[in-house]
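Dear colleague,

Please find below the structure I am handing over to you, with its sequence. My findings follow directly after it.

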Amino acid sequence: MSAFQFPITAGAVIQARNRTRFRFFAPAQERVALMVEDWDPIPMQRDEAGWFTVEAECGAGARYRYRLQDGLLVPDPASRLQTPDVHDRSIVHDAETYAWRCPEWKGRPWQDSVIYELHTGLLGGYAGVAEHLPAIADIGVTAIQLMPIADFPGRRSWGYDGVLPFAPDTAYGDPHDLKALIDRAHELGLNIFLDVVYNHFGPDGNYLHAYAPDFFREDITTPWGAALDFRHPELRRFFKENVLYWLMEYRFDGLRFDAVHAIHDGDWLEEVGQAVRETVEEGRHVHLILENEHNDPEPLGGPFDGQWNDDFHHCVHVLLTGESAGYYGGFTEGTTEKLARSLAQGFVYQGETPPGSDEPRGGASAHLPPTAFVNHLQNHDQIGNRAFGERLTTLADKPALEAAIALLLLAPQIPMIFMGEETGSIEPFLYFTDHHPGLAPLVRDGRRQEFAAFPEFADPHKREMIPDPNDPETFERSRPVLAGEGGDMAREDLYRTLLGIRRTRIAPHLDGVESLGAEVIGDKAVIARWRLSYGGVMTLACNLSTDPVKPPGKVFPEVAPLHWVGRGMVRRELQGHSTILWLEENA
């Protein structure tokens with residue numbers, strides 16, 4: 001076994017050139033047979049816990065499934081390679097055949113992070129993403145984050161309906177193509193993160209109910225079906241090994257854990273975070289990111305580096321668009337005060353009950369460093385979960401949006417960009433799938449019903465205009481214009497300039513950065529200060545309104561600003577749609 005392989009309990013593991021061990025956990029079955037393509041069935045041995053094991057005289061490339069006692073043929077839930085799709089045969093894969101080009105890569109520190117979220121399929125698969133990396137790196141991005149790639153049904157998906165978490169989807173290429181992408185990122189000095197889903201399995205291709213029904217809870221449901229039972233030791237181990245597999249065998253530099261609020265046994269996160277820190281080689285930078293709608297700050301004090309901060313997004317989105325439907329309703333009153341709180345303390349809701357809710361949300365977060373929060377103006381959810389997938393480019397005034405971009409990229413919180421933002425792309429990012437004929441209309445109709453609660457879609461005829469997720473054209477329409485492809489060059493230059501300032505003047509001093517508070521200085525205008533690691537003070541003032549702001553007293557620093565977007569300062573007034581950065585070396 002090479003230094004980069006990680007031992008996994010389940011699945012097919014090559015023992016010698018033409019010998020493979022197969023292990024399959026199926027406690028609800030009394031008999032299981034290994035079905036290698038073109039071979040007679042091979043009975044597997046069952047132990048008391050429900051593990052079935054056998055060794056067979058086959059090697060890399062062998063195609064196989066498991067036959068349950070009722071005759072049902074199922075893929076390996078720990079398949080490392082699957083083709084052509086989730087219902088079909090798994091393939092014995094030899095991970096040692098790839099020769100890494102950057103085996104000494106140690107990753108970049110967390111405070112360097114400027115994250116670029118992308119959808120692999122829309123960029124042309126693993127090889128297509130690799131071709132785009134130089135232009136992405138050129139604007140100042142330091143980390144790309146792939147939306148989920150675990151094997152999903154069909155050829156088109158956001159990836160959150162995956163069912164085989166160890167198998168990179170072959171719609172994007174083979175495992176060597178994925179490793180080549182990771183190598184290319186490292187050659188360019190980029191970290192590469194992967195979005196992983198441990199809160200549910202997709203509805204199509206999940207056979208676990210047939211042979212491991214105890215993996216699911218009967219007392220808790222999620223928006224995607226029965227909750228996974230993280231009290232089950234084998235389920236915990238299955239996903240913990242998956243975490244380590246992506247980090248060790250594929251050399252990803254970090255993982256983003258999707259919707260951990262739907263994982264109903266919080267100590268698994270602590271367990272897996274500790275396992276990562278104990279397993280990863282000394283000196284290697286590996287980063288763990290959470291998405292948690294509950295605004296729970298506790299994991300951020302341990303092995304997790306950061307959490308998506310939707311509160312920041314919601315504040316800025318409301319100020320830019322005036323929208324108030326859905327979850328934006330909790331941010332329509334005192335929005336500017338809420339933005340100031342987010343800049344100073346991270347979460348807006350720290351135990352308060354948002355309007356329209358019966359439950360308090362969040363916990364105290366002011367003690368956490370600003371770098372514990374991943375801020376964003378857009379992401380796959382905030383664009384794609386709109387009925388028509390509109391980007392801020394089409395929803396907000398251009399000068400106001402550019403002032404918000406400056407606030408995002410210059411504040412000490414970790415900034416995240418969604419593919420196409422850097423060029424002002426106007427193409428929508430729509431919800432798309434490739435489900436079989438029985439499931440596709442249910443998903444389409446459910447999607448349209450989901451938006452019935454929004455006033456603009458109360459009319460059934462309007463809801464019929466929502467793009468059909470299963471239509472291939474919905475996928476094609478979602479391709480953005482990217483850096484280097486001839487979009488808004490001024491917008492691209494803005495990102496390059498702001499990220500250059502961040503790289504040289506801000507990021508090197510974020511280890512130990514402290515908030516000095518933030519305050520409202522006018523309608524849609526805030527000022528915030530942070531003490532950097534060397535003792536200097538960084539000040540950001542942002543005005544998202546059209547009118548200038550002249551607060552009383554000496555609110556603005558006396559020194560000349562380092563940089564500004566918009567008209568900046570005129571006669572001690574912060575002009576409309578402007579953001580200004582000051583650095584005071586001896587404040």
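To begin with a short pairing, strand E12 (residues 150–151) and strand E13 (residues 164–168) run antiparallel and are joined by 2 bridges. Within this pair, aspartate 151 has leucine 164 of E13 as its bridge partner. Please note that the model is a predicted one. As to the surroundings of E13, 5 of its 5 residues are buried, that is, under 20% relative accessible area; the strand is therefore largely enclosed by the rest of the structure.

The second finding concerns an open sheet of 5 strands, in which the order is E22-E23-E24-E28-E25 and the pairing is antiparallel. The edges are taken by strand E22 (514–522) and strand E25 (563–565); each has a single partner strand, so one side of each is left without a neighbour in the sheet. On average, neighbouring strands of this sheet are turned by 10° against each other, direction ignored.

At the E22 edge, E22 pairs with strand E23 (residues 525–531) in the antiparallel sense, over 6 bridges. Here valine 520 stands opposite valine 526, the latter in E23.

Two helices pack on this sheet. Helix H7 (residues 335–345) touches E22 and E23, and its direction makes about 165° with that of E22. Helix H10 (residues 398–410) touches strand E24 (537–543), E25 and strand E28 (578–584); the direction of H10 makes about 160° with that of E24.

Yours sincerely

Definitions and conventions. Residues numbered from 1 in each chain as written. Predicted model: local features only at pLDDT ≥ 70, side-chain atom pairs only at ≥ 80, totals over all residues. Heavy atoms only, no water. Pairing = 2+ DSSP bridges. Helix = DSSP H or I, 4+ residues; strand = E, 2+ residues; numbered from the N terminus. Axes fitted to C-alpha atoms, helices over the stretch in contact; angles between N-to-C directions. Contact = heavy atoms within 4.5 Å. Buried < 20%, exposed > 50% of the residue type's maximum accessible area, 1.4 Å probe, protein only.
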